[in-house]
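This briefing looks first at one sheet and then at one chain as a whole. Please keep the sequence and the structure in view while you read.

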Amino acid sequence: MSVTPNVHGQPQLTGAEIVVRCLAEEQVEFVFGYPGGAVLNIYDEVFKQDKFRHVLVRHEQAAVHAADAYSRSSNKIGVCLVTSGPGLTNAVTGIATAHMDSIPLIIISGQVPTHAIGQDAFQECDTVGITRPCVKHNFLVKDVRDLAATFKKAFYIATTGRPGPVLIDIPKDVTAASCRFEYPKDVTMRSYNPGGKGHSGQIKKAAQLLLDAKRPMIYAGGGVVLNDASAALVKLVRMLGAPVTTTLMGLGGYPGNDAQYLGMPGMHGTYEANQAMQDCDVLLAVGARFDDRVIGNPSHFYREDRKIIHVDIDPSSISKRVRVDVPIVGYVKDVLTEMIGVLEASGKRPDAAALTAWWTRIKEWQSRNCLKYKASSDVIKPQFVVQKLFELTGGDAFITSDVGQHQMWAAQYYRFDKPRRWINSGGLGTMGVGLPYAMGVQLANPDATVACITGEASIQMCIQELSTCRQYHIPVKIINLNNRYLGMVRQWQEFFYGNRYAESYVDALPDFAKLAEAYGHRGLRIERPGDVEGALREALQQKEKLVFLDFITDQTENVYPMIPGGKGLTEMILAEEL
Amino acid sequence: MRHILSILIENEPGALSRVVGLFSARGYNIDSLSVATTEDTTMSRMTIVTHGSDEVIEQITKQLNKLIEVIKVVDLTDGNHIERELMLVKVRAAGKDRDEMKRMADIFRGRILDVTDRSYTVELTGDSDKLDAFIAAIEPGVILETVRTGASGIGRGERILKI
């Protein structure tokens with residue numbers, strides 16, 4: 001790195017050099033990005049350094065998704081770098097996706113020079129204004145002397161409290177200007193003091209409620225995964241003998257094959273999880289936010305005789321959609337650990353007779369076998385593909401998905417035993433994330449099996465990344481559940497729009513196997529149920545190669561159970577009822 | 001219910017738009033907003049008058065606290081407080097209206113800041129109800145122009161909002 005002494009003999013670094021140095025200080029391994037005019041100075045320094053690898057994506061949206069998945073699948077932080085104007089606007093979908101799921105992420109964007117800001121300059125946009133509602137925080141750095149401190153703050157804000165994406169917008173002249181570089185050792189902000197310990201009195205109260213419960217239920221969300229609180233959750237659930245459900249974002253936060261696990265709740269949750277959510281007398285919500293896709297209609301969900309304990313790092317998540325009786329604000333891992341300590345110290349046990357009666361009811365609900373589907377020897381059932389993938393990988397793969405029916409089948413039929421293995425866009429529901437997510441996951445976990453369960457519509461929203469996978473030898477397995485429909489849209493049209501399939505049929509699809517081959521990968525088209533297992537085995541054996549498996553599946557299969565929009569948790573449509 | 005929120009916020013570019021953006025993005029109401037720096041110029045103090053159910057006000061307070069640059073949020077209507085707003089009103093004051101306008105300004109303890117042969121500009125301070133009352137008390141036809149600052153509020157007695 002070039003170091004030019006100034007008149008006082010102190011080494012001066014350019015803004016671009018400082019950017020690279022800050023990333024090195026934060027021990028960043030990968031930067032996902034795409035160059036352009038406003039970031040050329042930064043890219044010149046990226047060229048000269050060897051502290052981190054840069055991954056050149058084919059579209060800025062994919063850079064953000066890949067960095068996001070890198071964060072989700074590890075306890076490290078994803079970083080992406082895009083240019084001003086269209087570079088940034090292309091990144092917005094990725095930023096909003098990460099924001100909705102509280103994923104820590106750093107986005108560095110180039111900006112036109114400070115003197116040109118507001119002049120409608122070439123590739124200018126109001127980056128801070130455009131991204132303000134979909135970041136945890138953002139900065140426009142107008143003075144090179146503020147750059148290092150801003151990076152320190154950005155990493156701190158992104159990773160503490162309720163995590164989220166933080167954007168740093170840097171005008172081109174700031175990357176050219178120079179000053180002395182010193183990376184701050186720590187950061188204090190009078191306006192931002194995240195975390196804090198859960199209130200001990202409230203934790204005691206919660207523990208007592210859980211001990212006194214006749215029908216306890218534990219509902220865990222993405223906060224458990226993000227805060228690495230799985231071990232504490234498992235311990236608490238075992239102590240209480242209570243049933244547990246994990247949301248779409250919480251899958252893997254509790255072992256999916258455990259006897260106390262009831263599956264996922266919500267719109268496409270299991271019968272038993274939804275019934276138990278509704279009928280319990282004490283509900284412990286941990287790192288979850290009573291989302292509309294989880295509890296359905298809040299007024300139907302409300303029960304006067306049910307007590308709710310809510311543990312979350314974000315006070316604004318508490319009593320937002322559902323009034324709670326015992327709010328506890330704090331890091332979920334710390335709160336659960338303290339709660340376990342309180343229970344142990346009390347020497348008390350939950351009411352065994354009541355639990356036995358509660359589990360008898362739950363077993364009745366489980367006997368409905370709500371995830372059963374009609375097997376077929378003629379046509380490939382999408383659920384069958386996911387089940388086979390689960391069997392062959394022993395539940396140990398990292399699975400990314402896109403959005404729609406395939407996402408729900410992946411969530412229902414792949415029983416995640418470990419946290420950070422299930423990577424999907426839960427909050428924003430962004431089609432197109434699957435492939436770039438798989439890239440980020442594979443780079444964070446180079447030796448792991450990474451599969452992207454997708455559909456023929458979603459995959460086409462970021463399919464250009466097959467090229468990135470080729471360049472960086474990213475051997476992910478693409479499981480394309482190809483039903484030639486926008487399946488979830490088609491399902492809603494079948495149920496609620498009188499079978500009028502407006503624009504949900506996908507015509508003129510490419511031959512995906514050939515397309516994958518054109519990008520230099522291996523592609524296979526599978527049309528018969530008998531060939532599913534063999535194809536999956538072949539793909540999994542090819543450790544060095546990306547394999548694109550195009551499964552031609554049943555066109556009209558629906559996702560069950562289903563709670564129609566605006567309905568309550570016990571108003572599920574089950575497959576058997578149709 | 002009407003609430004008056006006092007907010008201490010970092011005096012940074014864009015900080016105001018984060019607050020305003022939050023209200024519009026989440027569908028909350030702003031009845032008035034006033035803001036200026038405090039004696040410590042690194043900080044601004046904002047007074048927002050809003051209305052909503054207890055649940056909505058609780059969410060507004062929590063969401064404001066979540067903004068990185070917000071230092072403190074207090075709902076002044078939780079306790080005793082003083083509220084003042086300033087209004088400038090330009091009224092027609094010619095012929096028979098002239099004496100009447102002077103009398104009305106006196107009744108409301110207003111001050112006439114500017115005089116022409118056809119108009120007065122009256123300065124009034126008070127809580128928002130008082131200013132509303134003045135507007136209601138005078139003939140609508142004589143009002144040429146009004147401008148209001150929005151309410152500023154402060155707690156009574158020992159109630160202090162400071163870091």
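Two strands are said to pair if DSSP finds at least two bridges between them. In this predicted model, an open sheet of six strands in chain A follows the order β16-β15-β17-β18-β20-β19, and its pairing is parallel. As a general point, the strands of a sheet pair through backbone hydrogen bonds, in either a parallel or an antiparallel way.

**The sheet in chain A**

- The edges of the sheet are formed by β16 (422-423) and β19 (522-526) of chain A, and because each of these has a single partner strand, one side of each is left without a neighbour in the sheet.
- The partner of β19(A) is strand β20 (residues 547-552) of chain A, and the two pair in the parallel sense over five bridges.
- Within this part of the sheet, R525(A) has D550(A), a residue of β20(A), as its bridge partner.

**A helix across the sheet**

- Helix α18 (residues 434-444) of chain A lies across four strands of chain A, namely β15 (398-401), β16, β17 (450-455) and β18 (477-482).
- The direction of helix α18 of chain A is at about 175° to that of β17(A).

**Chain B as a whole**

- Chain B contains four helices and nine strands, which from the N terminus on follow the pattern β-α-β-β-α-β-β-α-β-β-α-β-β.
- Taken along the principal axes, the C-alpha atoms of chain B fill a box of roughly 55 × 35 × 35 Å.
- Of the 163 residues in chain B, 26% are buried.
- When contacts in chain B between residues at least 6 apart in sequence are considered, 74% of them join residues at least 24 apart.

Notes:
Residues numbered from 1 in each chain as written. Chains lettered and ligands numbered in written order. Predicted model: local features only at pLDDT ≥ 70, side-chain atom pairs only at ≥ 80, totals over all residues. Buried ≥ 20, exposed ≤ 12 C-beta atoms within 10 Å, placed from the backbone. Contact = placed C-beta atoms within 7 Å. Axes fitted to C-alpha atoms, helices over the stretch in contact; angles between N-to-C directions.
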